[in-house]
Amino acid sequence: ARMDGHVNIAMVEDIGSNGTTGSNTGAPSASQSKQGCGSTVSFHSVHYRVLLRTGFLCSSSSSSREILQDLKNKLFSFFQRFLDILAARKEPEGLSGEVLIDGAPQPPNFKCLSGYVVQEDVVMGTLTVRQNLSFSAALRLPSSVPQREKEARVSHLIEELGLTKVADSKVGTQTARGISGGERKRTNIGMELVIDPAVLFLDEPTTGLDASTANSVLMLLKRMAGQGRTIIMSIHQPRYSIYRLFDTLTLLVNGKMAYHGPAPNALDYFVAGFAFPHNNPADFFLDVINGDFTEAARVHAAADLDFEELGSTRRSTEERLMDEYRSSSYAADTRAELTRVAQNKEFLARAKSRTVTYNTSFFHQLRWVFQRTFQNLMLNPQTSVAQLGVNIFLALVVGAIFFGVKDDQSGIQNRMGALFFITTNQCFSTVSAAELFITERKLFVHEYISGYYRVSVYFLSKILADLAMRTATSVIFSVVVYFLIGLKPTGEAFLVFTLTVTLVAYTATALTMVISADQSVVGLANIFMTITFVFMMIFSGLLVNLPSIVDWLEWLKYFSIPRYGFAALKINEFVGLKFCSESVTQCSGEQHLDYLGIEHGSWGLWQNHVALTAMMAIFLTTAYLKLRYIKKFT
């Protein structure tokens, strides 16, 4: 697939002779102010091939698919992939050619210098508009910029974007209502305008907006273009009031060029061979390039065509569109412009490989990202209040069921049941950690690529915030359940119990992060985690006597988080207890532990803690590596 082009397009208010000023219908469009001096974006011999995989495991096969085919113009494909290519947000695999900015190669960190507004809003819903913009300013502006100047820039943006009335209102989440869709979109735009980029990319900025709101957003972009900023966007089926804001139109059909030139001339270009029964030229052009209209002479006979004839007609229409454009004056002008740019670029050195650069230090990023993460955690009742409430409720239930255990045969059974439930509950309660990376995946990828923060900063902030919550819930759970059940009444035993419960929660959370780091659906991640914890629960030491397991399955017990936690709790509780009576054959707690095959010496307790800590470290490292890997392909 090949595509050459050059972007130098103005967004104007002039109305052409046919009543239009232009838009890129169903394709990316670009604007550069006639009054300002926005950057010129051009691309040359760009090839992008997508590798498709089919089948499963050994029977899988791969094939490549052409996205663009021999395109030479002054704009670009309607595919969102190519918008990412222009913005330097695609990995280099399968990509060749070059994109120039004002005739020079893109800087290696171009994606951090330009603005990019993604189709789906990526702002923290639990924060206010001002807090989101301040977060962007704190991380994307250099540390040399005084804090007062950053705050002034945020205030100016709020006023410029018309967000003054909602500046201190929360953006809103799926469960909590916030600002309107148009205000949310303007907040997204403001997050990118903080760095005052010369080029601003937008992926379908009108998605999800009503006609009036979409028009107000595009009018805002038009005003920004008038201030000397190049704006490149993809837009789908715009209404006429939006369409008329553009003066250059590019139409593609099946990845091939059908038209590129002045939008005021586009209607005259197509009505010569096609009927125009529309009020909106944009709808008409879409129907033409999609093959829904045949030549004017055949329009009335189209109802009599069968599917095969209709498909053949569409193919012939497509070929005719290609041929007419290649022989048009617009194509000749484009070729001449490309030749001029190509001659100038011969003296330029090739740009280095793409990279992400940061304007702030590691600890500065960590402070701001952790502050936002923890604030989001506290302001989200589903992950804070609900989690704490569920743990207190379960502690009361377990305490009531096993209340006041005795030092007899029933006491042994009740202690075993209580400690087993506590251990498994700590594992399954960490399932909520699956949402840490899944729900914010798009936000993380966008902010990382834009140079907000390092992957390690984001990962560490998430870990610290979640572990703080796990610590609080584990301690409260331990306080309630320990004294209700009536376990060993010593301060040392209580501290060891709380430490063990907390370590189990930490390790299970780390495993949850490993499983969910590369998942995109929370429900699927929950299924994987549930299956994993069920298998671990089987080898915990209660449901099956571990010494009796056959040799070829015995190794599975070493991967069981509940086994280490359950063993540590049993050692902590049973060592030193006496259960002597006529019905009890195992008089001491140590004898019971020996029967279970548990080492209860001075090292026996701590080796389980060491094992949990080692597993947690391995899981966290794996989750971090997976997060670094998936951010490239998400």
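These legends accompany several close-up views of a predicted model.

**View 1. A nonpolar patch on the surface, with helix 19 as its main contributor.** Here we look at F428, V521, L524, I527, F528, I531, V534, F535, I538, L542 and L543, which together make a nonpolar surface patch of about 920 Å². Helix 19, spanning residues 522-538, gives the largest share of the patch, with 7 residues. One residue to pick out is F528, which is found in helix 19. F528 counts as partly exposed because its relative accessibility is 36%.

**View 2. Spans that UniProt annotates as "transmembrane region".** The annotation comes from an unreviewed UniProt entry and covers residues 385-405, 467-487, 493-515, 527-550 and 605-625. Two of these spans deserve a closer look. Residues 385-405 are 81% helix and 0% strand, and the C-alpha atoms at the ends lie 31 Å apart. For residues 467-487 the helix content is 90%, again with 0% strand, and the end C-alpha atoms are 26 Å apart.

**View 3. The largest cavity and its lining.** A search of the whole structure turns up 2 cavities of 30 Å³ or more. The largest cavity has a volume of about 50 Å³. Its lining is made of Y116, V117, V118, V122, N188, M191, E192, H446, E447 and Y452. Strand 8 (115-117), helix 5 (181-193) and helix 16 (441-449) each bring at least two residues to this lining, and helix 5 has the largest share, with 3 residues.

**View 4. The second largest pocket.** This pocket has a volume of about 1,200 Å³. It is lined by 40 residues, of which G125, T173, Q174, T439 and E440 are the closest to its centre. Helix 12 (362-379), helix 15 (435-438), helix 16 and helix 17 (455-485) each supply at least two lining residues.

**View 5. E120 and K442, a salt bridge between distant parts of the chain.** The model holds 15 salt bridges. In the one between E120 and K442, the closest N and O atoms are 2.6 Å apart. E120 sits in the loop between strand 8 and helix 3 (129-140), while K442 belongs to helix 16, 322 residues away. With a relative accessible area of 48%, E120 is partly exposed; K442, at 49% relative accessibility, is also partly exposed. Elsewhere, D121, R184 and K185 are linked in a network of salt bridges.

**View 6. A salt bridge within helix 10.** D323 pairs with R326, and their closest N and O atoms are 3.1 Å apart. Because the two residues are 3 apart in helix 10 (residues 307-326), about one helical turn separates them. D323 is partly exposed, with a relative accessible area of 46%, and R326 is partly exposed at 48% relative accessibility.

**View 7. Helix 23, with K626 and Q607.** The side chains of K626 and D518 meet in a salt bridge, 3.1 Å from N to O. K626 lies in helix 23 and D518 in the loop between helix 18 (491-516) and helix 19, so the pair ties together parts that are 108 residues apart in sequence. K626 is partly exposed, with a relative accessible area of 22%, as is D518 at 36% relative accessibility. Q607 is also placed in helix 23, which spans residues 602-630. From C-alpha to C-alpha, Q607 and Y564 are 8.7 Å apart in space, with their positions 43 residues apart in sequence.

Methods. Residues numbered from 1 in each chain as written. Predicted model: local features only at pLDDT ≥ 70, side-chain atom pairs only at ≥ 80, totals over all residues. Heavy atoms only, no water. Patch = residues over 30% accessible without salt bridge, like charges linked within 9 Å, V, L, I, M, F, W, Y side chains within 5 Å. Areas by Shrake-Rupley, 256 points an atom, 1.4 Å probe, with all protein chains shown as cover. Salt bridge = Lys/Arg side-chain N within 4 Å of Asp/Glu carboxyl O. Helix = DSSP H or I, 4+ residues; strand = E, 2+ residues; numbered from the N terminus. Buried < 20%, exposed > 50% of the residue type's maximum accessible area, 1.4 Å probe, protein only. UniProt positions renumbered as here; feature names shortened; annotations may be inferred. 1 Å grid on protein atoms, 1.4 Å probe; cavity = no way out; pocket = protein on both sides within 12 Å on 5 of 7 lines; lining within 4 Å. Points joined across faces, edges and corners; volume = space filled by probe spheres on them.
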